[in-house]
Amino acid sequence: MGAGRCAALDDSGGDAPLTILAAVRDTELHPLGDRRAVETVKYPGAPAWSGDIVFAMRRFELRPAALYAIAVLCAVGAILARASLNFLWGFRFPYLTAYPAILLAAWLGGLGPGLVATALCAAAAAYLWIPPTGSFHIGATSDLIALAIFVFIGAAISVLNEVIQRREQQLGHLLESISDGFIVLDDQWRYRFVNDRAAQLMRRSRAELLGKRIWSEFPDLVGSAFEAEARRAAAENISRYVEFYDEPRGIWSEVRMFPSRAGLAIYLQDITERKQGELASFHLTALVRSSADAIVSKDLGGIIRSWNPAAEKLFGYTAAEAVGRSITIIIPPDRLHEEEVIIGRLTRGETIEHFETERVAKDGRRIQISLSVSPIRDRHGRVIGASKVARDITDRRRLEREREELLIGERVARPEAETATRARDDFFATLSHELRTPLSSILGWVRLLRGGQLDRVASDRALEVIERNSHNLEHLIIDMLDVSRITAGKTSLNLETVDLEKITETTVDSLRPAASAKGITIQLTLDATSRFLVGDPERLQQVVRNMVSNAVKFTPDCGRVEVRLTDLPAGARLTVIDTGEGIAPDLLPHIFERFR
């Protein structure tokens, strides 16, 4: 889209100058390169399109080597930042400064650079801050577990960014695959997206345009009708259609503008060949000096008296074939009554303007036309016939249908996009919630181990709990990688015979360190006789863990939590009672909503 000169034409009507034998437009003809005709249309009969087009160039387009170099620089920066804090932290928090570096590397490059940054930061932490320092040997089991957790979190961040990046690439490929030019301008009129076809039409590379203001790159547009229509579309939130002639490049473009809260989306189509065809029709027309409008005259009996070349082109009949025959040769049988109405109005001296109807061509095609009819009078003022100007509006109707299809497609796509977004948010919320509980248990036991407060038996038990929760984390990462299954709402259950009493006891034991840290006593009562049931052991463990951990979390220090497992006629009941402040009555209807 380059600079051009244009003048807006009103699409609501148009001229209908009619004379005795011909109707002409009061329009001077110019060569195509000098034409300034730009049609500006607000689509009738439907509300303006107001879909949300939000396409931000989230990542820079860099080569793989550059992305890995950036990942190395991020890791080096994180290591230097941590080293500068040695005077404050000593050997504590060896990984704290590494997380921003991993996030940045994965955000820019995806999986590979994220893993590189993770590996470098992990190696530096093991060598510089984990005893014994100066070597990659790790003496304490707790330090080894902490390192494994760090590597796991780094890998998770890298995988998630890779998934998001691939989805963005799929969207970019989709926009690149359309045959029309497509650009997105933000609310500051800067180019945010330009596909290959649009770059070809504007004869600029995308690198030259992205981030630049359209008015700076194409200053001749400032003050033009194109600028006025673009600003009107953005200000009034209405869709606009413009046929625009780009003088420096010598091309006509069909421009459709669709505003959104993020800016303006513009579709471009090269219609130069179509416009050149219209110019040829001007030179072929002997009776008129307007665009390819069919001009036909007839008498009051409906007999054709003149038939211009545009009519030949539109209806397929030559002048020799049409003149002398009834006008009904181009009127469909189901619209013959229209001719009677038109003759009646003409005999009263009335003029008919822009009557949209259908006519039939020689080959049987139905043609959408806009018909203007004026009476032909003799020198005494008596009506002796009629002059008809028929304009083919098939293209306009096609554009209207295309617009309706776009609107329907947008209405269909928006709920799907919103559903996908909600599923993604639910997935991240679930992941955060499920990661927090086993990590809290692991960290609690690690602190006790490092504090040297446990005897041999307790230490073995701590390692057992840590190992068990590590396995839980392993299962979580497996579920996390199966993103497509989760976003589709398909969650599988691994049903088997389970010992509900053992699951409850094991889960409660894993939470005792966290409770002990707050001085909270957990009393476990197992009164269920039907302890063996059919269920998913991992899901049941999650249920018990969530209920008991929430009770511990919201119980004041030195409080008490009671866990009871009792019988039901067709199963068992798990009851958790704590000495916390409880739940407000107005929140009780919402307690089973996720993360309320």
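These are numbered remarks on a predicted model, covering a helix pair, a serine in a helix and two open sheets.

1. The helix pair α3 and α4. Helix α3 spans residues 98-109 and helix α4 spans residues 111-128. They pack at an angle of about 160°. Their axes lie 6 Å apart. Because angles over 145 degrees count as roughly antiparallel, α3 is roughly antiparallel to α4. The crossing of the two helices is right-handed.

2. What lines that contact. From α3 come Ala-98, Ala-101, Ile-102, Ala-105, Ala-106 and Gly-109. They meet Leu-111, Pro-113, Gly-114, Ala-117, Thr-118 and Cys-121 of α4. By class, the contact of α3 with α4 holds nine nonpolar residues and three polar ones. Charged residues are absent from it.

3. Ser-459. This residue sits in helix α15, which covers residues 456-481. Is Ser-459 buried or exposed? Its relative accessibility is 18%, so Ser-459 counts as buried, the cut-off being under 20%. Leaving aside residues up to four places away in sequence, Ser-459 touches Leu-449 and Leu-454. Leu-449 is ten residues from Ser-459 in sequence. The C-alpha atoms of Ser-459 and Leu-449 are 6.8 Å apart.

4. The sheet of five strands. This open sheet has the strand order β9-β8-β12-β11-β10. Its pairing is antiparallel. Which strands stand at the edges? They are β9 (304-307) and β10 (352-360). Each has a single partner strand, so one side of each is left without a neighbour in the sheet. From one strand to the next, the twist averages 30°.

5. Inside that sheet. Strand β11 covers residues 366-377 and strand β12 covers residues 383-392. Nine bridges pair them in the antiparallel sense. Ser-370 has Arg-391 in β12 as its bridge partner.

6. The helix on that sheet. Helix α13 (residues 336-347) lies across β8 (294-299), β10, β11 and β12. It runs at about 155° to β10. One edge strand, β10, is thus among the strands that α13 lies across.

7. The sheet of three strands. This one is also open, with the order β14-β16-β17. Its pairing is mixed. The edge strands are β14 (521-526) and β17 (571-578), and each pairs on one side only. The twist from one strand to the next averages 15°.

8. The pairing of β14 with β16. How many bridges join β14 to β16? There are six, and the two strands run parallel. Strand β16 covers residues 560-568. Thr-521 stands opposite Arg-560 in β16.

9. The helices on the sheet of three strands. Helix α17 (residues 500-517) lies across β14, β16 and β17. It runs at about 175° to β14. Helix α18 (residues 537-554) packs on the sheet as well, touching β14, β16 and β17. The direction of α18 makes about 15° with that of β17.

Methods:
Residues numbered from 1 in each chain as written. Predicted model: local features only at pLDDT ≥ 70, side-chain atom pairs only at ≥ 80, totals over all residues. Heavy atoms only, no water. Axes fitted to C-alpha atoms, helices over the stretch in contact; angles between N-to-C directions. Helix = DSSP H or I, 4+ residues; strand = E, 2+ residues; numbered from the N terminus. Parallel < 35°, antiparallel > 145°, perpendicular 65-115°, else oblique. Left-handed = near helix turned anticlockwise from the far one by under 90°. Contact = heavy atoms within 4.5 Å. Nonpolar A, V, L, I, M, F, W, Y, C, P; charged D, E, K, R; others polar. Buried < 20%, exposed > 50% of the residue type's maximum accessible area, 1.4 Å probe, protein only. Pairing = 2+ DSSP bridges.
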